[in-house]
Amino acid sequence: MSSVYPSKSTPPTDAPEIVEFDNYVAHTLKATKPLPPMRWSNLVNELNWLSTAILTIVPAMSILGFLTTKLRWETALFAVFYYYVTGLGITAGYHRLWAHRSYNASKPLQYFLAMAGAGAVEGSIKWWSRGHRAHHRYTDTELDPYNAGEGLWWSHVGWMLLKPRRKPGVADVSDLSKNEIIRWQHRHYLTLILSMGIGVPTVIPWLFWGDLRGGFFYAGFARLMFVHHSTFCVNSLAHWLGEAPFDDKHTPRDHVITALATIGEGYHNFHHQFPMDYRNAIKWYQYDPTKWFIWVCYQLGLASHLKVFPDNEVRKGQLTMQLKRLRETQDQLAWPSDNNDLPVISYESFVEQSAKRPLILVAGFIHDITNFIEEHPGGPHYLVKYVGKDATTAFFGGVYDHSNAAHNLLAMKRVGVLHGGLPTGLQEKAIPPSQRLKVARYAELSATSANSSGGSEHDGEKESSPPPA
Ligand SMILES: [Zn+2]
Ligand SMILES: [Zn+2]
């Protein structure tokens, strides 16, 4: 995985040798100066005029169209269709094929995607993929060209309106430089965006149902505006809205609304964890038309080598996040006192103290039931009968086989550990059911195993001494 795809853990091969800093991002940020922050007084110099022009003219023309041109249903349907064609050029082509190499595409498919992608007017394949690889490699840092940490507006369009504040982090695109179709697109880029962006969507409605004006405004400009903001949502919305079911180290999130807005790129938490996977959505019912398109191309023999990350590893990520949430719940609950926090009390002392307050012995623990006698569902008299006595057998079925909930509640009333501990064979009963399966951190696990192999004085005593008569 790391040999093919850039990841933050592997330092870039073309990076300067790192001596002082063990982190490439920190090193680069220290070694290079950013452009000064944008100021109103300096706006003319700081604006990226080409992008700003495109991103204002397109919506302005769309509004002009809405105000002046009747929308015919044929043109409306075609505009939606063409939105998907050019959108897939970006999602299936620019993104999943070229930026991530998540499958292999035949030449006819590559030409189709290169042309369709040009119709989305989002820059050439090489420029787009270079920025996107930096985005994955340096996610949420200043070397990420659309760093989500700079806010929703910045990651959506701000980063294109202004000159880049920094050069995006190093990302290898040598494979793309060698691709003849990418070079062909680069050479004819202007012709391609004019023909695929405006020409084709104008001419088709004109030739087939005589709607030149509608084609120009709706299938051309309005459709382009939607494709633009659909792609931009992957950088903004997908790093802001939703859940992190696979990993929460960075901002990418999964959400069906983002998926609907982006032709299936909305399962972005999954995508950032497994960027070489040709899918964004792994469940059949989740909305990922880009995945379906690639799969259909595969069935038609136009695509091959569709990459899928091992399911076992995907599920590990999911389990980790589930355990994290369970641990939070576990930490919010009150638990019985730990063995080591409780005083060790002799059997004689237990009997003696029971004369002053209601104490009962169950499974090696002494419990104070002062506030519980009246609430005991079986009636107070059963409890009173066992004050000052070992009620282990009675509790576990001798009189009544108590529920797990009853055992959990009983454990909350612990006030001491009996000196000498439990009779052998009953150790399991000392652990309340709610504590037999727990979420433990690695450090806690190793501490436990060290304890159990070495054994504290306290534990040793309990194990070696015979049970009280
Ligand atoms: Zn992202
Ligand atoms: Zn990506």
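## Opening question

Which are the buried residues of α10? In this predicted model, the buried residues of helix α10 are L192, I193, M196, G197, P201, T202 and P205, and the sections below place that helix within the chain before turning to other parts of the structure.

## The chain as a whole

The protein chain has 22 helices and six strands. Its radius of gyration is 33 Å, well over the 23 Å that the globule rule gives for 469 residues, so the chain is more spread out than a compact globule. Taken along the principal axes, the box filled by the C-alpha atoms is roughly 100 × 60 × 55 Å.

Of the 469 residues, 34% count as buried. Among the contacts in the chain with a separation of 6 or more, 69% come from residues 24 or more positions apart.

## Helix α10

Helix α10 covers residues 189–209, and its 21 residues should span 30 Å at 1.5 Å a residue; the end C-alpha atoms are 29 Å apart, which agrees. The helix nevertheless bends by about 45° at G199, and a proline, P201, follows within four residues. P201 is also one of the buried residues of α10.

The elements that cover the buried residues of α10 include α4 (73–99), α5 (107–118), α9 (180–187) and α11 (212–235). An α-helix has 3.6 residues a turn, so residues three or four places apart point the same way. Just after α10, G210 takes a positive phi of about 65°.

## Helix α11

Helix α11, which is among the elements covering the buried residues of α10, has 24 residues and reaches 34 Å from its first C-alpha to its last, close to the 34 Å expected at 1.5 Å a residue. A kink of about 30° is centred on R223. This helix is mostly covered, with 19 of its 24 residues buried.

## Strands β4, β5 and β6

Strand β4 (residues 359–362) pairs with strand β5 (residues 365–368) in the antiparallel sense, over four bridges, and within this pairing the bridge partner of L359 is D368 in β5. The two strands form a hairpin with two residues between them, and A363 in the turn has a positive phi of about 50°.

Strand β5 also pairs with strand β6 (residues 414–418), again in the antiparallel sense, over three bridges. Here the bridge partner of F365 is V417 in β6. In a regular strand the side chains alternate between the two faces of the sheet.

## The annotated domain

An unreviewed UniProt entry lists residues 360–419 as "domain: Cytochrome b5 heme-binding". Over residues 360–419 the chain is 32% helix and 20% strand, and the end C-alpha atoms lie 14 Å apart.

## The loop at P433

P433 lies in the loop between α20 (427–430) and α21 (442–454). Is P433 buried or partly exposed? With 13 other C-beta atoms within 10 Å, P433 is partly exposed, because a residue counts as buried at 20 or more such atoms and as exposed at 12 or fewer.

Leaving aside its neighbours within four places in sequence, P433 is in contact with N404, H407 and N408. By contrast, P433 and P168 are 265 residues apart in sequence, and their C-alpha atoms are 54 Å apart in space.

Methods: Residues numbered from 1 in each chain as written. Chains lettered and ligands numbered in written order. Predicted model: local features only at pLDDT ≥ 70, side-chain atom pairs only at ≥ 80, totals over all residues. Pairing = 2+ DSSP bridges. UniProt positions renumbered as here; feature names shortened; annotations may be inferred. Contact = placed C-beta atoms within 7 Å. Expected span 1.5 Å × (residues − 1). Bend = angle between axes of the 7 residues up to and from the residue. Rg over C-alpha atoms; globule rule 2.2 N^0.38 Å.
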